[in-house]
Every structure is written in structure tokens, then in C-alpha cells.
Amino acid sequence: MTLVALQKIRDAVQQRPGEIEEEKRKGKIIVGWVGYLIPEEIIHALGLIPVRLGRGGDERLVELGARYISSQNCAFIRACMGMFAENTDPYIRGADAVAFDNACMQVYRLGEVSKYYCKKKTLFLGVPRDPASPSAQKYFRHEVEHFTQKLEDLAGKKVEPEELTGSIGLYQNIRAAICELYHFLDIGESPLNWKEVGEVVHAGYYLDKTNYFSLLQELLSEIRSLPVITAPNSNEVRIILSGSLIAPGDVKLSDLIEHVNGNIVSDDLWSGLNPSLNMHIDNPTIMGIADAYMNRIPHYTLPCLDKDNDIRFEHLKAAVLKTKAQGVIYHTIRYCDSATLKTTGLKNRLRKEGIPLLEIHTEYSGSDVEAIRTRVEAFFEILKFKDNPEVRV
Amino acid sequence: MDIGSLTTKSVILSDGAILGTSIIPTGIYPEKSGNEALGKALKSAKQDGKKPAYTIATGYGRISAPYADETVTEITCHAKGAYSLNPDVRTIIDMGGQDCKVIRMDESGNVTDFIMNDKCAAGTGRFLEVIASVFKVRLDSLGPMALQAEVSVPISSTCTVFAESEVISLLARGEKPENIIRGVHQAIAQRVTGMTVRVGVEDAILFSGGVAKNEGMKNALEEAFHKPVVIPGFDPQIIGALGAARIADNRHSQDVT
């Protein structure tokens with residue numbers, strides 16, 4: 001049975017394109033964005049409407065995008081380019097400006113190519129390649145300051161400290177609510193599965209943030225009021241998803257994992273939990289925001305795995321231990337060079353901790369579904385035999 | 001039952017002893033092919049018309065085997081089959097009709113890691129079929145022809161379609177077919193060694209699947225790995241089905257006790 005609040009969130013997402021049109025008619029400015037370190041709080045504080053862009057799962061858009069951007073870019077980037085070229089997605093069509101950061105260089109390239117072909121007003125936010133270096137914070141502060149000036153030009157006003165404080169508080173609350181939603185999932189007390197939690201997270205890409213937070217509170221309240229599920233399925237395999245993003249609409253891998261009795265108990269995805277983790281804006285200023293974004297779990301394209309201080313690896317390891325996941329499925333969307341490059345190093349490091357990792361390379365076409373099914377099933381066979389030697393075949 | 005993309009294999013086992021086997025081409029209906037292969041294997045086991053006590057289906061067509069008691073992936077089945085033939089095996093290179101996999105296993109015959117080729121026919125039986133058609137020779141002639149080569153002509157394309165074009169160009173240039181075929185085998189072997197970077201290789205290495213019947217491919221793999229490669233003393237094409245039968249035999253024994 002669908003939770004009442006989940007249905008409300010779905011209804012709100014359905015209605016949002018119409019609301020956006022109405023807001024535009026009233027003179028509101030829409031800022032679409034793609035990236036990991038775009039400080040949404042600043043966009044919100046200026047009275048602009050932030051919308052995170054991009055969808056996955058549609059091979060047709062990938063093909064369309066490939067007419068404009070090289071096929072060596074990942075399927076998500078090509079699909080996004082297809083969306084820009086087609087210009088029927090209500091959020092892309094409605095965006096008065098689009099912001100990109102270069103945490104992922106392919107996202108940056110999408111910004112350049114879409115600007116060239118689609119003539120959208122485009123803003124770029126530079127991201128240092130090594131967030132742990134001493135000069136990184138200085139550089140990023142400067143970038144965020146510059147980015148804010150561009151946004152202020154767009155809004156026709158300056159950021160007011162009170163507005164900024166309010167926006168920061170709202171976003172902190174949203175992130176905390178998402179963390180709580182994931183907490184229910186990882187302790188096995190969530191009536192929602194990972195895919196539904198993802199749907200809720202993705203709803204936040206589009207909805208008015210105040211309304212979104214209110215719906216999140218309603219959802220959490222409903223979950224807390226439900227009786228605790230205490231009988232886990234003993235045949236299920238507990239998995240953490242890692243790797244490239246799984247964008248809204250891309251359900252191939254999660255459906256397949258579920259179909260073969262896998263239970264995704266958490267993720268460390270750019271499109272999932274990670275943006276809500278390790279974000280502490282102690283100082284409610286532009287610089288405070290810049291510092292907090294720089295200190296969040298680094299985007300997977302950034303940290304170098306041969307360093308001992310790889311925060312993302314430590315976070316993934318901690319998540320496996322906390323959730324009692326049996327293994328990690330590392331999803332690489334073709335052709336995400338960063339994800340591919342890091343996999344072997346990550347796999348070897350996790351192996352030392354006794355955590356098995358399966359690599360899945362895929363895109364949005366359905367041609368590899370059976371091949372992926374075989375890989376996932378075989379991985380689950382390994383995990384089941386590892387944990388229960390008595391059922392070894 | 002191992003219902004592969006090109007062939008369907010069946011092994012009948014009783015108390016650990018192999019009673020019968022069969023290999024037939026997989027038709028367009030995997031369920032029908034499975035039934036036919038099972039019938040043939042039962043006939044060869046002199047158990048005509050009987051129903052096995054426990055059936056495990058594996059291979060890409062395993063989901064189309066309603067008569068099976070259970071399905072297990074070909075990864076696990078190959079490991080079980082190989083281990084039952086040679087407990088020293090730690091790495092399996094399986095080259096089938098439409099995929100190629102490298103499987104790592106522990107001293108108990110359990111899979112510890114594996115890798116499969118991605119969306120590409122290079123390194124598979126299908127690739128060799130295409131090459132055989134270019135030379136207008138039987139598939140089983142490719143191995144002996146490769147062994148007769150005086151030198152190897154490098155093939156740079158790993159894409160099946162482009163490799164076919166490259167081979168045609170090399171023939172037009174006047175290269176000897178045997179030398180080109182050896183180059184083809186070496187290109188496949190190089191691709192397989194590339195796959196193993198992610199899972200590692202440990203002795204003993206067993207070569208299974210239909211392509212393992214090709215002596216030229218075995219030689220090319222040994223050259224590429226700088227290690228001996230073992231061909232099982234049992235039809236290498238049936239290793240997956242043998243593994244499935246071993247698992248079924250175990251399951252049945254557990255059920256009985």
C-alpha cells in the first residue's frame with residue numbers, strides 16, 4: 001500500500017511543471033543546474049527558483065544527444081544533451097539560466113556544448129581537482145563569490161543575510177530529513193524501498209523547497225507512526241549501490257537487483273544520499289557555504305584513491321559496516337572514465353576489509369539486461385555462499 | 001542443463017557418476033531446446049522417458065526452463081564443473097558462443113570473483129565463426145590452421161565487424177591465411193588477458209567452453225599468459241552442464257537426507 005505522503009509527493013511532482021509555468025508568468029526566474037557543488041541555497045535566497053536538471057533511462061535521448069556531444073561522454077550526459085536539444089522537458093524549457101559545475105568534466109562539457117547549440121544563458125562554477133589541498137578552499141571561495149555575483153545580476157538584487165540564513169536553514173532541514181529517510185532504510189524499518197526513497201530524493205530536484213520540506217516531514221511522521229517491520233527476508237541480499245549517478249528515470253539496475261531478491265539498503269551516489277551528508281554550514285555567509293560544500297564528501301570524479309585520506313572510501317566502508325550490507329555493487333555508466341578508473345583500486349581496498357564488490361558497466365538501452373542479471377545473480381551466489389558455508393553448492 | 005546462446009548441453013548424473021550427456025544447437029525457442037537436449041541425454045544414459053530427480057538449469061536460457069527445480073548462474077556452474085574435474089583449478093577461462101568469462105575460485109571450488117566481457121563478440125565463439133566464414137573453412141579448422149602459421153600477422157581491431165574487414169584487407173594484401181588466423185587467435189588471447197587485470201590469475205588455469213576445443217586458441221592463451229593452460233579431460237563445452245548436474249546431485253542428496 002502506498003503511503004499517503006508518498007502519493008502526495010508524487011502528485012506534487014506531477015503538478016510542478018504547471019506551477020513552474022505559472023511562476024514564470026508572474027515574473028519568477030528559473031535556474032536549472034547540473035552538478036554536485038552548485039550552492040542551491042544562494043539561488044534560493046535570491047528568490048530564484050532552483051531546479052536540478054537531467055534524467056536517465058531513455059536511450060532515445062542518448063542517441064539524440066550524441067548528435068551534439070561526443071559518444072565518449074557518459075550516457076547520462078548524452079541524454080541531458082538530448083533533453084537540451086529536444087527542449088520538451090518542462091524544466092529545461094522553463095529554465096532562464098542553467099548552471100554547471102566542473103566536479104565532473106563531462107558535466108562541464110555538457111554546459112559548453114549546450115550553451116553553444118541551445119543558446120541558454122549559462123553559468124559555470126569552477127571546482128578544484130583536489131579538494132584536500134590548502135589552495136582548494138581559497139580557489140573555491142573565489143569561484144562561489146563570482147558565481148553569486150552572476151546570480152545577483154540575474155535576480156537584479158543582492159543576497160540579503162536574513163534571506164540567506166533562512167535558505168541555509170531550510171536546506172539543512174531537508175538534508176537532515178533525507179538522512180533520516182535513509183536511516184529507516186538501512187536499519188530495515190522503512191516501508192519504502194530504495195527506489196521509492198530515490199523517488200522522494202529526486203522530487204526535491206523540482207519541488208518548491210518549503211513545500212518539499214513540509215512533505216518530507218509528513219512522510220517521516222507517517223513512517224514513524226507505522227508498526228516496525230521486524231521480519232527481514234532471510235533470502236534477500238543486502239547491497240549498497242556505489243559508482244556513477246543513477247538519475248531519475250533510470251530504474252534498470254535497481255529493478256533488476258530487486259527482481260533477483262536484492263535489497264539496496266543504502267548508496268553513496270551523487271544522485272542519492274551523498275549530497276545530504278557531511279554538510280555543516282556553520283557560518284551563514286557566502287564564504288561559509290563555499291567552505292561547507294568544499295568539505296562535503298567529494299564527488300567521485302575528484303578524490304584520488306591512492307591517498308590515505310579518501311573520505312569517500314571511508315564513508316563507503318562505514319556505510320557497509322553500519323548497514324550490515326553483504327556487498328557493494330559499483331555502477332559505472334558508460335563511458336564514465338572517472339568511475340572506471342577508480343573501480344579496481346576501490347575493489348582492492350574493499351577486499352582487504354572483506355567487502356566484495358561487483359562492477360556493472362551499463363547504459364540506458366535494454367540490450368544488456370540479461371547479461372547484467374547473470375552478473376548480479378552470480379555475485380549474490382558468491383555472497384550467499386560466503387556468509388552461509390552450509391548452503392554451499 | 002546449460003542452455004547457451006549457440007548450444008544447449010545436458011549432463012545426467014547419478015551418485016556422482018556421469019550416465020549420459022548431450023549437445024545440440026540452441027534453436028530460437030530455448031525451452032524447446034532444453035527439453036530436446038534433456039531427452040537426448042536421458043536416452044544416452046539409458047533412462048529414456050524418465051524425469052530427473054533434480055534439475056538445475058544454467059546458461060542464458062535458464063529462465064526459460066520451467067522443468068528445472070532451480071536455476072544457478074553459469075559462473076557458479078562452471079566453477080563446480082571444473083573443480084569436480086580438477087581440484088587444483090583456481091582460474092577458469094570460459095569462451096562460449098556469445099560471451100567470455102574469467103572465473104576465480106578458492107580451494108573449495110567456490111567462486112571468489114569473476115569478470116565477463118561487455119557487449120562485444122570479440123573473444124567469443126561467435127567471433128571465430130565470423131572469421132571462419134571469411135576464410136570459408138569449418139570452425140574446427142581454425143585451430144589447426146593457426147598452428148601451421150609461420151608467423152603471426154597482428155590484428156588491431158577487436159570489434160568483430162572491423163576485424164572481419166581487416167582480415168579481408170590482409171587477404172587482399174597477400175598475407176597467408178594461416179598467419180592471419182594465428183593473429184586472430186592472438187588478438188583474442190590479448191583481449192582475455194586484458195580482462196584478467198581486474199580479477200587476477202592464479203594457477204592452475206582451466207580453459208572451458210566450446211572455444212576450448214580449438215588447440216590454436218589454447219596455444220595463444222598460453223603465450224599471452226606465459227603459463228600452461230589446462231584443457232579438461234572431459235568435453236570442455238559441457239563443463240557448465242556438468243557443474244549444474246553436480247549441484248543438482250548435491251541438492252538431491254540433501255533433500256533425501
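Trainee: What radius of gyration does chain B have, when a compact globule with 257 residues would have one near 18 Å?

Mentor: This is a predicted model, in which local features need pLDDT of at least 70 and side-chain atom pairs count only at pLDDT 80 or more, while totals for chains, interfaces and linings use all residues. Residues are numbered from 1 along each chain as its sequence is written, chains are lettered from A and ligands numbered from 1 in the order in which they are written, and side-chain values use heavy atoms, with hydrogens and water left out. The radius of gyration is taken over C-alpha atoms, and the globule rule is 2.2 Å times the number of residues to the power 0.38. For chain B the radius agrees with that of a compact globule, and its value is 19 Å.

Trainee: How many helices and strands are there in chain B?

Mentor: Helices (H or I, at least four residues) and strands (E, at least two) are DSSP runs, numbered from the N terminus. The C-alpha trace that carries them spans about 65 × 35 × 30 Å along the principal axes of chain B. Counted in this way, chain B has eight helices and ten strands.

Trainee: What percentage of the residues in chain B is buried?

Mentor: Buried means under 20% relative accessible area, exposed over 50%, and partly exposed in between (1.4 Å probe, protein chains only). Applied to the 257 residues of chain B, the word "buried" fits 56%.

Trainee: Where is Asp15(B), and is this residue buried or exposed?

Mentor: Asp15(B) sits in the loop between strand 2 (7-14) and strand 3 (17-25) of chain B. Its phi is near 50 degrees, a positive value in a residue other than glycine. Most residues other than glycine have a negative phi. With a relative accessible area of 76%, Asp15(B) is exposed.

Trainee: What is the relative accessible area of Lys136(B)?

Mentor: Lys136(B) also has a positive phi, near 55 degrees, and belongs to the loop between helix 3 (125-135) and helix 4 (142-147) of chain B. This residue is exposed, and its relative accessible area is 74%.

Trainee: Which residue does a cis peptide bond join to Asp203(B)?

Mentor: Most peptide bonds are trans. Here omega is about -5 degrees, and the partner of Asp203(B) is found in the loop between helix 6 (177-196) and strand 9 (205-208) of chain B. That partner is Ala204(B).

Trainee: What is the radius of gyration of chain A?

Mentor: Chain A has 15 helices and eight strands. The globule rule gives 21 Å for 393 residues, and the radius of chain A is close to this, so chain A is as compact as a globular protein of that length, with a radius of 21 Å.

Trainee: Which helix of chain A gives the most residues to the largest nonpolar core?

Mentor: A nonpolar core is a set of buried Ala, Val, Leu, Ile, Met, Phe, Trp, Tyr and Cys residues joined through side-chain atoms within 4.5 Å. The largest has 154 residues, and those that touch the most other members are Phe76(A), Leu219(A), Ile329(A), Val376(A) and Phe380(A). The helix that gives the most to this core supplies ten residues and covers residues 161-186, namely helix 8.

Trainee: Which residues touch Leu256(A), leaving out those up to four places away in sequence?

Mentor: Leu256(A) is part of helix 11 (residues 252-259) of chain A, and it is buried, with a relative accessible area of 5%. Contact means heavy atoms within 4.5 Å. By that test, the residues touching Leu256(A) are Val369(A), Ile372(A), Arg373(A) and Val376(A).

Trainee: Is Arg175(A) buried or exposed?

Mentor: Arg175(A) lies in helix 8 of chain A, and its contacts beyond four places in sequence include Glu41(A), Met279(A) and Tyr293(A). Tyr293(A) is itself one of the buried residues of helix 12. With a relative accessible area of 8%, Arg175(A) is buried.

Trainee: How many of the ten residues of helix 12 in chain A are buried?

Mentor: Helix 12 (residues 286-295) is mostly covered, and what covers its buried residues includes helix 2 (40-45), helix 7 (134-155) and helix 8 of chain A. Among the buried residues are Ile286(A), Ile289(A) and Met294(A). The number buried in helix 12 is eight.
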